[in-house]
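User: Could you walk me through this model? I would like to go over its domains and its chain contacts.

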Amino acid sequence: MNKFIKLSVLIIFIQCLPFYASAGSDGTISLSEKDKPVKDCFEKINRTTFAFNQSLDRVLFKPIAKGYNKLPRPIKNGSSNFVGNISNLVTIPNNILQGDFKSAGINTIRLIINTTLGIVGLYDAAEAMGLEKLDKEDYGQTLGKMGVGPGCYLVLPVLGPSTVRDTIGNFANFSGGDPFYNITIKHDTQYFSEPDYYSTRATAALDFRAKNLGSLDNLEKNSVDFYAAVRSLYLQDRQKKIANNEVATETMDDSDWEEIEEQ
Amino acid sequence: MKFIRILKTALLIFFLFLSNSFAISPSDFIQKITDNASNILSSNLSKNEKQNKLKEIADENVDIKGIGFYTLGNYRKNLSDNQKKEYSNLFKKYFLKSFSSRLVEYSNPKITVVSQEILNEKYTIVNSILDATKDRPEIKIDWRVYTKNPSKLLIRDLIIEGLSLARTQKEEFSSIISSNDNNVEALFKTLEQF
């Protein structure tokens, strides 16, 4: 498994090299310039993968998410809290890598309180004690924060929208960056096994899908190009998360509006 | 002459004061619109009637023409006057249909304006919260209000949880045009068929 992961990382890195080269030559994408538009280098393949993911969603994920939504509220909240608590294991090292030691401290205290008093994270005891939930951080965001540009837009089978940078960031999880992966899969411990990891990841995905059932249906119904709408929303969301900026105006390019003034 | 100049200045200040004092603040403007929409959505009207009422609100308070040209991006520079006119009509129909059918799915949404941020004399961002329900968490909605004319405020964008709808729309349109050999007529056809 480890060899496969290392090989996959290497292949992705090698594939990235032409993007780095073209970034400098055509000027349209640059992995070091955050504000340049993200290029959809593999749009045909991405659209095919997107269609495949949609079919998979229709026959598998959506029906399960609908069923999940019918569960009693305490069960849904419990599983959402549980996966949220485990995600702190990736968020904390990324807080530190981004130099945000205050958030790292808060998330560490939240993790300890919720794992103990919150019964393995099922109940958000820390929030009840006044420690508000903070935003999640991942290795893709940390790379972005360090100035690495997104590279090309990608649609991954099953996993959905991503970029070259975010995919590389995901691989960091399997290379020692995710303590939960380390104790469930990488190292043979007597307490956890592989299904613990995969079931937790599947629950996190299901929780996300269930929370967005209505909004995604609505978006699909009212889009003239659903693929492009999802791409735009994903890239805006990543841009916002990397900037850790709550200011809405950052998402708009005012120059276009200025031109409209003069029409 | 000096007297006339002073009188002109005084009149100008008076009317500016008058227009500003009568103008509604961007926060109140948004709260009024959302309350109005909320009343329609929670009423006993049929789905069609609700959509028609929502269309009326949007037509009156949203800068549909401005958003239309914004979402066209650089392609708008190459349009002839006839194409501009055709596009404006198509976009308006599309926008109102899409906007009202998005909103009509919500029953009794409660939006509370929490603050506003004046960006410059032309724009103010109004921050609001769509209250949580048992099916979804609380949602932050920011409104980009065009304030150039204080007596006729207009909405130019909705930013939901930091994601701009105008920008998303712009990228959708751009994708359609670029995947059809940069032919803007392909977008017109898509809008017609929507």
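User: Into which domains is chain A divided?

Analyst: Happy to help! This is a predicted model, where local features need pLDDT of at least 70, side-chain atom pairs count only at pLDDT 80 or more, and totals for chains, interfaces and linings use all residues. Residues are numbered from 1 along each chain as its sequence is written, while chains are lettered from A and ligands numbered from 1 in the order in which they are written. With bounds from an automatic or database domain assignment, chain A splits into domain 1 (42–71 + 148–213) and domain 2 (72–137).

User: How many residues does each domain of chain A give to the contact?

Analyst: The C-alpha centres of domain 1 and domain 2 of chain A are 20 Å apart. Two residues are in contact if their C-beta atoms, placed from the backbone, lie within 7 Å. The contact takes 11 residues from domain 1 of chain A and 10 residues from domain 2 of chain A.

User: Which element gives the largest share of the domain 1 side?

Analyst: Helices (H or I, at least four residues) and strands (E, at least two) are DSSP runs, numbered from the N terminus. On the side of domain 1 of chain A that touches domain 2, two or more residues each come from α7 (164–177), α8 (179–186) and α9 (194–211) of chain A. The largest share, 4 residues, belongs to α9(A).

User: And which element gives the most to the side of chain B that touches chain A?

Analyst: Here 26 residues of chain B meet 23 residues of chain A. Elements giving two or more residues to the chain B side include α4 (64–72), α5 (81–103) and β4 (154–160) of chain B. With 6 residues, the top contributor is α6(B).
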